[in-house]
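Visitor: I have a structure open and would like to learn how to read it, one feature at a time. Could you take me through it?

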Amino acid sequence: MANSAQGNIIQLEDGWNNVIKTGQAIDVLERTLDNGFDTSFEPKEYIRIYTTCYDMCTQRSPYNWSRDLYNRHGETIEQYLSNTVLPALRDKSGQGGTILLNELKHRWSNHQIMNKWLKKFFTYLDRYYVKHHSLPTLEQAGLRHFKDEIYMNVKDNTTSSIISLIDEEREGEIIDKTLVKNIIELYEQMGMGSLDSYTNDLEQPLLDATRAYYGRKREDWIARDSTPDYLIKAEKALLEEKERVGSYLNSATEPKIRSVVEDEILQKVQMNLLEKEGSGCGVLLANDKTEDLQRMFSLFSRLENGLQPMADIVEKFITSQGNACTEKRQARLDSGQKDKNDDPDFVKSLIDLHEKYLGVIRETFSSHHLFQKALKNSFEVIVNNDVGTYSNAELMSTFCDRILKSGGEKLSETEVEQSLDRIVQLFSFLTDKDMFAEIYRNQLAKRLLNQRSASDDAEKAMIAKLKVQCGTQFTSKMEGMLNDLAVGSEQKSEFDARMEQQTDTKLSFGVQVLTIGHWPSYKAPEVALPPQMQKCMEVFKEWHDAKHQKRRLTWVHSLGNATVRATFGKKSYDLQVTTLQAIVLNSFNDGKTYGFNELKELLNLEDITLKPLLHSLSCGKHKIITKTPASNKINSTDSFCGNPKFSSNMRKIRIPVANVDSSHNKNRVEEDRSVAIEAAIVRIMKARKTLSHQQLVAEVLSQLSFFKPQPRVIKKRIEALIDREYLERSAENSQQYNYLA
């Protein structure tokens with residue numbers, strides 16, 4: 001071993017054969033691994049081997065054996081792998097996947113042990129020789145040898161074995177997950193710092209096999225199962241694949257395998273599942289299958305654009321439900337039921353329908369924007385589908401009137417608040433919001449002026465909700481009406497004191513001053529007033545003119561009301577009537593009999609005004625006046641006198657009079673719309689200067705929020721503005737307009 005002429009020089013063959021290979025290191029290591037014994041070296045043995053390697057690497061040239069030892073390190077591993085490991089694996093290849101994988105696991109574990117000890121023995125090579133010559137480290141070299149000699153030869157068989165085990169697990173069998181995980185870690189190690197080997201040699205074949213597996217399952221499930229059952233299986237499969245990745249696959253595989261499974265069992269049969277007869281999306285909605293719908297939403301939300309087809313079905317279904325409500329109303333009218341502007345059952349059915357599917361969108365579909373849009377689109381169709389003489393805008397406004405007026409719906413404060421919230425939600429889908437506003441304002445005026453409003457707070461709350469929905473412009477007149485009443489109540493006490501000073505009348509006289517711009521327009525008949533009433537009016541006018549010199553009063557007696565003390569025999573009654581009814585009753589105080597024309601001349605009233613008044617007093621439930629001849633119709637040849645035989649069990653009697661005014665002025669609404677359209681056109685053209693006809697129509701429609709006019713109406717307003725020289729047609733293009741400053 002030593003040469004005395006050269007000192008303690010270790011020759012290559014001596015050191016290799018006597019210590020490293022056949023002595024106490026490599027051969028011992030190989031025998032120990034082959035026999036399955038515990039592989040370890042006593043400290044003295046390890047130090048002797050390490051020292052020998054160290055000395056052989058630190059001797060001066062030509063006796064520095066670093067290169068030779070590095071090469072023999074690789075050759076030793078190659079020989080062991082090719083002569084011992086590879087034949088053992090090939091013997092196991094035909095004996096089943098688990099046997100091969102267990103053998104590979106065993107051999108891989110042995111190789112890691114061998115690599116560890118060889119690295120320890122030749123540590124000095126790693127520290128200096130490998131770094132100096134930019135060579136692979138001993139550990140890297142060992143891995144490369146294993147990859148070249150073993151992995152490349154068995155990877156196809158092991159990949160097939162792994163995929164077979166995974167398919168068995170998918171079918172419900174129990175497999176050795178730890179074994180699979182260990183082999184997959186080997187694939188990852190073979191990438192030498194990357195996942196290339198894992199991705200190319202295992203992941204891609206696994207994805208292909210997964211696609212084929214779930215393709216077969218899809219065909220089986222879609223043929224046998226209902227949509228809910230299919231989706232339960234799909235949900236379970238996706239969950240199991242996620243757990244499988246967590247158990248033994250690399251985490252980078254999770255999105256890829258999920259995408260494959262989603263494509264195979266969801267994407268390719270989405271419309272089949274949504275439209276499946278007897279169990280599709282529409283059927284689930286009809287039967288309120290919340291859990292199944294939530295599962296469907298959750299699964300299809302995984303797909304790109306996967307929710308749009310489902311949202312389309314939801315929109316179509318809700319629209320059909322709303323149309324069913326409309327058809328019921330039509331059927332009632334067709335059966336002979338009188339058409340009225342008051343149909344609470346119909347409005348409640350729409351409110352309940354919206355409330356129901358608003359809850360479905362919120363709870364089942366997590367308020368997803370596509371489903372919110374579906375609900376909006378469907379109710380825009382439903383709410384604007386008018387049936388009968390009266391529009392849905394009028395039906396909805398009258399429904400509000402029932403809730404807000406005294407003697408209407410019997411609701412608690414909380415129920416009133418909820419009902420108003422829901423009707424405003426329904427109102428938001430209405431196209432003709434301006435029509436609703438006109439009708440609502442007329443009904444609000446009647447409630448306020450006739451003291452029929454159940455709650456001032458509820459009135460203010462409703463106006464506030466409309467203001468939030470449509471803005472200040474929409475509710476400014478309604479707020480002005482409430483403000484007029486508030487100001488009037490403050491001035492009442494001041495005027496009452498003035499009345500006591502200036503008159504000795506027995507009348508209890510009060511006046512409500514209304515701002516003409518806030519309230520609907522009313523007829524103001526020039527009725528001949530009793531002297532006492534005329535005197536009170538003069539006192540008020542004098543007082544009012546002194547306080548407000550620039551204001552002009554116009555008396556509207558048709559809106560007033562009165563309580564008349566009537567005595568018949570020994571009994572007295574308080575008759576609650578309108579001001580005009582009170583004036584008519586006053587005419588009969590002297591016991592005279594009047595003909596219709598005579599009374600008409602006496603009171604200075606037209607037929608259209610007088611006939612309803614006389615009808616209410618002589619043909620209604622309470623016949624205060626006797627009509628000759630007796631009938632339910634007022635003719636110009638009739639005569640009238642007080643009814644001395646009148647009697648009633650009630651002391652306070654309200655005598656309603658038929659209202660000849662319509663609930664709204666359609667002409668006024670059309671005029672307001674024309675003004676709004678023209679204002680929008682001028683505003684747009686002033687900013688843009690030049691626009692084509694189609695662009696101008698589109699921009700006008702986008703700016704009008706309270707109604708949606710037909711394009712032909714907009715065209716008509718454009719023509720009117722051209723005539724008035726706000727706009728002109730372009731000389732080069734008749735479909736283009738220019739703004740004239």
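Guide: What follows is a short walk through helix packing, buried residues, nonpolar cores and cysteines. Please keep in mind that this is a predicted model.

Visitor: Let me start with the helices. How does one describe two helices that pack together?

Guide: Two packed helices are described by the angle between their axes and the distance between the axes. Take helix H7, residues 138–170, and helix H9, residues 196–224, whose axes lie 10 Å apart at an angle of about 25°. Angles under 35 degrees count as roughly parallel, and H7 and H9 are therefore roughly parallel to each other. The crossing of this pair is right-handed.

Visitor: Which residues of H7 and H9 meet?

Guide: On the H7 side they include Lys147, Tyr151, Lys155, Thr159 and Ile162, and on the H9 side they include Ser197, Asp201, Leu202, Pro205 and Leu206.

Visitor: At what angle do H7 and H8 pack, and how far apart are their axes?

Guide: The angle between H7 and H8 is about 140°, and their axes are 9 Å apart. That makes H7 oblique to H8, since only angles over 145 degrees would count as roughly antiparallel. The crossing of H7 and H8 is left-handed. Among the H7 residues in this contact are Leu143, Phe146, Tyr151, Lys155, Thr159 and Ile162, which meet H8 residues including Val180, Ile183, Ile184 and Tyr187. Tyr151 and Lys155 of H7 are thus worth finding in the viewer, as they take part in the contact with H8 and also in the contact with H9.

Visitor: And how does H9 lie against H11?

Guide: The axes of H9 and H11 come within 8 Å and cross at roughly 25°. That makes H9 roughly parallel to H11, and H9 passes H11 in a right-handed crossing. The contact involves, among others, Thr199, Glu203, Leu206 and Trp221 of H9, together with Lys256, Ile257, Val260 and Ile265 of H11.

Visitor: Now for single residues. Where is Leu249 found, and is it buried or exposed?

Guide: A residue is called buried when its relative accessible area is under 20%. Leu249 is found in the loop between helix H10, residues 227–247, and H11, and with a relative accessible area of 8% Leu249 is buried. Leaving aside neighbours within four places in sequence, Leu249 is in contact with Ile184, Tyr198, Leu206 and Arg244. Ile184 is 65 residues away from Leu249 along the chain, yet the C-alpha atoms of the two are separated by 6.8 Å.

Visitor: Where is Gly191 placed?

Guide: Gly191 is in the loop between helix H8, residues 177–189, and H9. Gly191 is buried, with a relative accessible area of 12%. Its C-alpha atom is separated by 13 Å from that of Lys155, a residue 36 places apart from Gly191 along the chain.

Visitor: What of the two glutamates, Glu254 and Glu262: are they buried or exposed?

Guide: Glu254, in helix H11, has 19% relative accessibility and so counts as buried. Not counting residues up to four places away in sequence, Glu254 touches Lys242 and Val245. Glu262 is in H11 too, which spans residues 254–265, and at 9% relative accessibility Glu262 counts as buried. By the same way of counting, Glu262 touches Leu238, Gln267, Arg302 and Leu303.

Visitor: How should I read a nonpolar core?

Guide: In soluble globular proteins, nonpolar side chains tend to be buried together. Here the largest nonpolar core has 104 residues, and those with the most contacts inside it are Phe300, Met310, Phe371, Ile423 and Ile681. Apart from that core lies another, of 61 residues, among them Ile26, Met114, Phe122 and Val154. To look at one member of the largest core, Ile423 is in contact with Val347, Ile351, Met396, Phe399, Cys400 and Met462, leaving aside its neighbours within four places in sequence.

Visitor: You mention Cys400. How many disulfides are there?

Guide: The count comes to zero disulfides, a disulfide being a pair of cysteine sulfur atoms within 2.5 Å.

Visitor: Why does Cys400 form no such bond?

Guide: The closest cysteine sulfur to that of Cys400 is in Cys470, and because the two are 12 Å apart, they are too far for a bond. Cys400 is buried, with a relative accessible area of 0%, and Cys57 also counts as buried, at 4% relative accessibility.

Technical notes:
Residues are numbered from 1 along each chain as its sequence is written. This is a predicted model: local features need pLDDT of at least 70, side-chain atom pairs count only at pLDDT 80 or more; totals for chains, interfaces and linings use all residues. Side-chain values use heavy atoms; hydrogens and water are left out. A nonpolar core is a set of buried Ala, Val, Leu, Ile, Met, Phe, Trp, Tyr and Cys residues joined through side-chain atoms within 4.5 Å. Buried means under 20% relative accessible area, exposed over 50%, partly exposed in between (1.4 Å probe, protein chains only). Contact means heavy atoms within 4.5 Å. Axes are lines fitted to C-alpha atoms, for helices over the stretch in contact, and angles run from 0 to 180 degrees between N-to-C directions. Helices (H or I, at least four residues) and strands (E, at least two) are DSSP runs, numbered from the N terminus. Angles under 35 degrees count as roughly parallel, over 145 as roughly antiparallel, 65 to 115 as roughly perpendicular and the rest as oblique. A crossing is left-handed if the near helix is turned anticlockwise from the far one by less than a right angle, and right-handed if clockwise.
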